[in-house]
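User: Got a model open here and I'd like to talk through how its pieces fit together. Can you walk me through it?

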Amino acid sequence: MSPITRHNGELHIEEVALAALAERHGTPLYVYSADSITRRYRAFTDAFGGHPHRVCYAVKANSNLAILELLARLGAGFDIVSGGELERVLRAGGDPASVVFSGVGKTVAEMEAALTVGVACFNVESKAELDRLEAVARRLGRIAPVSLRVNPDVDAATHPYISTGLKENKFGIPVADAPELYRRAAVSDWLDVRGIDCHIGSQLTRLAPFVDALDRILAIVDALETDGITLAHIDLGGGLGVRYGDEEPPSVAAYADAILSRLGNRRETLLFEPGRWLVAEAGVFLTRVEYVKENEGRRFLIVDGAMNDLLRPALYNSWHRIELVGTPAAGQQAEEADVVGPVCESSDFLGKARRLAAQAGDLLAVHTAGAYGFGMASNYNSRNRAAEVLVQGDRALLVRRRETLDDQLALEQLVGEGLGGGITARQANGDSR
Ligand code: LLP
């Protein structure tokens, strides 16, 4: 159920008019519904009922502190992929003991930080990473809880850029290599083998790939058990898809049924890492039409939001529903147009061939923008990143102010003549003269 509805011709998110938020905070603007995230979190965890489980929200989907705080209050755990995400979770009041640390490239510093605060588990992706983690754990005198991320080699049938469970992807450990690595971890004094993990891709709209992956994981769990290695948890990653247009993703209840029925009598705790499913539908991206332009019979709505704000259309050719926030101006007919931003790239579009009765000055809503929207924004073309607003009921709070040019430029340094302030090549080599 979308939190966005039309009353008296005007789009609202929960009880707040989107046009009023755009007026107050400017555009482009991200707006999120707290109730939508709350409902979805509860639906996800309710779907698994009495089976021991934990929902670890994939922070990368939307890492705004207010959203992490909301999820922490609801009791969510977190799936992180960097030291930065760990810091966000901690500052938002998340419990480190509910955090799983994923990702193929964990640095020594990130491992140290995560061990020191006591995360629940490291999802280890290679032998080299296991060796590094063991060394860091020994040095800090803290035992590292580990789970191996296995690559089950199943086709997630999603966009190739967001498919991660095929053997040609960089993710995970091949099934054939897993037993030996588990034995290696099990004999270490500094590693505590906790579980097994997989994540096969994102925006999955069919159940079969999840079930195939689970079957392969369960076969490994059984083989390990025979070897005397017992696991406490099975982490099935994220990936459950949402509806952007005419997709028909399975309901979370169907997803849970499929998984629980495969599990039989097993009592291992299930971990999940949903990102998109929890936050995509909660978010809308607001952008205003600056110009209407006709080129050789093609109509363009040039808006103030761009690929630097919402990269998904440019990167994955993904489709987001776009509509007018208000009612069309008198006499304005719907016409087919490309909705494009001001960035100097032909891939800078938010939607193509959309029928919209829009003219310059109109406000557009780009739907289902709560996941992988702001989080993938950049300063390309020296554009300030958008502001973010969280709405609950009839209240709206600015949860990230719009970036300013001073924010953007603060980290840079003018040179002057001859790079006088720079270091010499000799100093770079460690010579202090
Ligand atoms: N766990 C791991 C290890 C992941 O890599 C991901 C997403 C998730 C969980 C959460 O997946 P979700 O439930 O959100 O599907 N930027 C792309 C999506 C990239 C997903 C990357 N990994 C997009 O905009 O579609």
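Analyst: Sure. Keep in mind that this is a predicted model. A helix pair is a good place to begin: the axes of helix H4 (residues 83-91) and helix H5 (residues 108-117) come within 9 Å and cross at roughly 30°.

User: What does that make H4 and H5 relative to each other, roughly parallel or roughly antiparallel?

Analyst: Roughly parallel, because angles under 35 degrees count that way. With H4 and H5 crossing at roughly 30°, they are therefore roughly parallel to each other.

User: And is the crossing of H4 and H5 left-handed or right-handed?

Analyst: Left-handed, as H4 passes H5.

User: Which residues meet there, in H4 and in H5?

Analyst: From H4 you have Gly83, Leu86 and Leu90, and they meet Glu110, Ala113, Ala114 and Val117 of H5. Sorted by class, the contact of H4 with H5 has five nonpolar residues, one polar and one charged.

User: OK, next pair. How do H2 and H9 cross?

Analyst: Helix H2 (residues 34-47) and helix H9 (residues 252-263) have axes that come within 9 Å and cross at roughly 25°. H2 and H9 are therefore roughly parallel to each other, and their crossing is right-handed.

User: What residues of H2 and H9 meet?

Analyst: Ala43, Phe44 and Ala47 on the H2 side, with Val252, Ala253, Tyr255, Ala256 and Leu260 on the H9 side. By class, that contact of H2 with H9 has eight nonpolar residues, no polar and no charged ones.

User: Then what about H6 and H7, at what angle do they cross?

Analyst: At roughly 5°, with the axes of helix H6 (residues 127-140) and helix H7 (residues 178-186) coming within 11 Å. That makes H6 roughly parallel to H7. Lys127, Leu130, Asp131 and Glu134 of H6 make the contact with Leu181, Arg184 and Ala185 of H7.

User: How many charged residues in the contact of H6 with H7?

Analyst: Four charged, alongside three nonpolar and no polar residues.

User: Switching to strands. What is the order of the open sheet of three strands?

Analyst: S1-S2-S3, with antiparallel pairing. Strand S1 (4-7) and strand S3 (16-17) stand at the edges with a single partner strand each, so one side of each has no neighbour in the sheet.

User: How many bridges join S1 to S2?

Analyst: Four, and the two strands run antiparallel. Within that pair, His7 stands opposite Glu10 in S2. S1 and S2 form a hairpin with two residues between them, and Asn8 in the turn has a positive phi of about 45°.

User: And S2 to S3, how many bridges there?

Analyst: Two bridges join strand S2 (residues 10-13) to S3, again running antiparallel. His12 has Ala17 in S3 as its bridge partner. S2 and S3 also form a hairpin with two residues between them.

User: Which residue in the turn of the S2 and S3 hairpin has a positive phi?

Analyst: Glu14, at about 50°. Glu14 has that positive phi although it is not a glycine. As background, most residues other than glycine have a negative phi.

User: Any odd peptide bonds while we're on backbone?

Analyst: There's a cis one, from Thr27 to Pro28, with omega near -5°. Pro28 is found in the loop between helix H1 (18-25) and strand S4 (29-33).

User: Let's jump ahead in the chain. In what sense do S20 and S21 pair?

Analyst: Strand S20 (residues 387-392) and strand S21 (residues 395-400) pair in the antiparallel sense over five bridges. Glu388 stands opposite Arg400 in S21. This is a hairpin too, with two residues between S20 and S21, and Gly393 in the turn has a positive phi of about 60°.

User: Last thing, zooming out. How is the protein divided into domains?

Analyst: Into domain 1 (4-30 + 280-409) and domain 2 (34-276). Their centres, taken over C-alpha atoms, are 33 Å apart.

User: How many residues of domain 1 are in contact with domain 2?

Analyst: 22 residues of domain 1, and they touch 19 residues of domain 2.

Technical notes:
Residues are numbered from 1 along each chain as its sequence is written. This is a predicted model: local features need pLDDT of at least 70, side-chain atom pairs count only at pLDDT 80 or more; totals for chains, interfaces and linings use all residues. Side-chain values use heavy atoms; hydrogens and water are left out. Axes are lines fitted to C-alpha atoms, for helices over the stretch in contact, and angles run from 0 to 180 degrees between N-to-C directions. Angles under 35 degrees count as roughly parallel, over 145 as roughly antiparallel, 65 to 115 as roughly perpendicular and the rest as oblique. A crossing is left-handed if the near helix is turned anticlockwise from the far one by less than a right angle, and right-handed if clockwise. Contact means heavy atoms within 4.5 Å. Ala, Val, Leu, Ile, Met, Phe, Trp, Tyr, Cys and Pro count as nonpolar, Asp, Glu, Lys and Arg as charged, and the others, Gly among them, as polar. Two strands pair if DSSP finds at least two bridges between them. Domain bounds come from an automatic or database domain assignment.
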